[in-house]
Amino acid sequence: MTSQHPASNGPAAAICRRPGCGQPLPAAGRGRTRQFCSDDCARRYHNDARLPAPGIQPGNAGDDPLDSLDALTRQAAVLIKTAREHAASLDPARVRAQIAEAEAARRRAEAAAVTADARAAEAEAETQALTEALTAARDTAGAAETAARQSAGAAQATQDELARLRRDSATQITAIQAKASQEITAARQDAARHARERDDALTAARETTRSAETEITRARQAEADARAETGRVRDDAARERDALQAHHQAQIDAGRALTDAERARAERAEAQLDTERADRRHLTSQLTPPAALTGNGQATTGTRTRSATSQP
């Protein structure tokens, strides 16, 4: 590889150091003397001087910190070799500065590799913690789902019990109504019988009017008693029906309260699961330092390139 140097006659005669460019250097300002006409020429010059390490793919160099360190070391060695090849045509002080800068770049690469190892260990610990948190979240979600299924089963059992109680209540009310109807019919039949007996007594012997009136009075009393008994039976049936309805309503309210409590528990479990998912996403977002490390390695190479561009 050949290179061109700035002429020693003055800034006006200086040309770009990249082979094949031939463009004059811009006017020198403060700081170091420019060796390239543009940053693009500087990057192309250093990229041409960089040789790929054997057995290492550039795209996979950032997968392992040791491979990255080896690649950076090889690149540093190539830069040192290139600097030594140009030592005969360059100023010795400048060559020594380039060698020192290459050595500093190699040391920075070694430090970056050590930092990458530490970050990889930290990322592995965070991954382990995230795995444990995810396992705990899955266990909590399973428990919440089991509790929800149990709550649904309890609610279904409560509904079945309520339906059975309703059927039993309807059966009991029907039986009570039938019994009351039978008693009313019997009372009416007794009243009719008593009336016939009264008529028969009046027709058979008017002299037995007193006894017949007594029998009529007894029949009327029996009818009044039957009616009173019928009213009492109706009142008892109404009270029993109201008591059953109140009992059933209490069971329904208890079932609803249990269902609401289980639903609230399920909602709290879902909210906790959402929180743990958010924490997992937050932890996952923090697992990107290896990718950032690759970018830092490239940024270190670019820094070394810019330093070499602006060297005296």
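**Notebook: salt bridges, cysteines and one serine**

**Entry 1. Glu223 and its partner**
I started with Glu223, which counts as partly exposed at 25% relative accessibility. A reminder to myself before going on: this is a predicted model. Next I asked which residue Glu223 forms a salt bridge with. It turned out to be Arg227, with the closest N and O atoms 2.6 Å apart. Both residues sit in helix H4, which covers residues 209-285. They are 4 residues apart there, so about one helical turn separates them. I checked the accessibility of Arg227 too: that residue is exposed, with a relative accessible area of 58%. So this salt bridge joins Glu223 and Arg227, with Glu223 partly exposed and Arg227 exposed.

**Entry 2. Further along helix H4**
I stayed in helix H4 and looked up Glu229 and Arg232, which lie 3 residues apart, about one turn of the helix. They form a salt bridge, and their closest N and O atoms are 2.0 Å apart. Are these two buried or exposed? Neither, as I noted: Glu229 is partly exposed at 30% relative accessible area, and Arg232 is partly exposed at 42%. I then followed the salt bridges outward from this pair. Glu229 and Arg232 belong to a network of salt bridges that also links Asp236 and Arg239.

**Entry 3. A pair in helix H3**
I moved to helix H3 and picked Arg164 and Glu161, whose side chains meet in a salt bridge at 2.2 Å, N to O. They are 3 residues apart in helix H3, so about one helical turn lies between them. I looked up how open each one is. Arg164 is partly exposed, with a relative accessible area of 34%, and Glu161 is partly exposed as well, at 31%. I also wanted to know how many salt bridges a search of the whole structure finds. That search gives 13.

**Entry 4. Ser169**
While still in helix H3, which runs over residues 92-204, I stopped at Ser169. Ser169 counts as buried, because its relative accessibility is 10% and buried means under 20%. I asked what Ser169 touches once residues up to four places away in sequence are set aside. My list has Leu244 and His248.

**Entry 5. The cysteines**
I went looking for disulfides and came up with a count of 0. Why is Cys16 not bonded to Cys37? The sulfur of Cys37 is the closest cysteine sulfur to that of Cys16, but at 3.8 Å it is too far for a bond, because a disulfide needs sulfur atoms within 2.5 Å. Cys41 is in no disulfide either; the nearest cysteine sulfur is again that of Cys37, 3.4 Å away. I checked burial for both: Cys16 is buried at 0% relative accessible area, and Cys41 is buried at 6%.

**Entry 6. The core around Cys41**
Last lookup: which residues make up the largest nonpolar core? I wrote down 6 of them, namely Cys16, Cys21, Phe36, Cys41, Ala42 and Tyr45. A general note I added in the margin: nonpolar side chains tend to be buried together in soluble globular proteins. Then I listed the contacts of Cys41, leaving aside neighbours within four places in sequence. Cys41 is in contact with Cys16, Arg18, Cys21 and Phe36. Cys16, Cys21 and Phe36 from that contact list are also among the core residues.

Conventions. Residues are numbered from 1 along each chain as its sequence is written. This is a predicted model: local features need pLDDT of at least 70, side-chain atom pairs count only at pLDDT 80 or more; totals for chains, interfaces and linings use all residues. Side-chain values use heavy atoms; hydrogens and water are left out. Helices (H or I, at least four residues) and strands (E, at least two) are DSSP runs, numbered from the N terminus. Buried means under 20% relative accessible area, exposed over 50%, partly exposed in between (1.4 Å probe, protein chains only). Contact means heavy atoms within 4.5 Å. A salt bridge is a side-chain nitrogen of Lys or Arg within 4 Å of a carboxyl oxygen of Asp or Glu. A nonpolar core is a set of buried Ala, Val, Leu, Ile, Met, Phe, Trp, Tyr and Cys residues joined through side-chain atoms within 4.5 Å.
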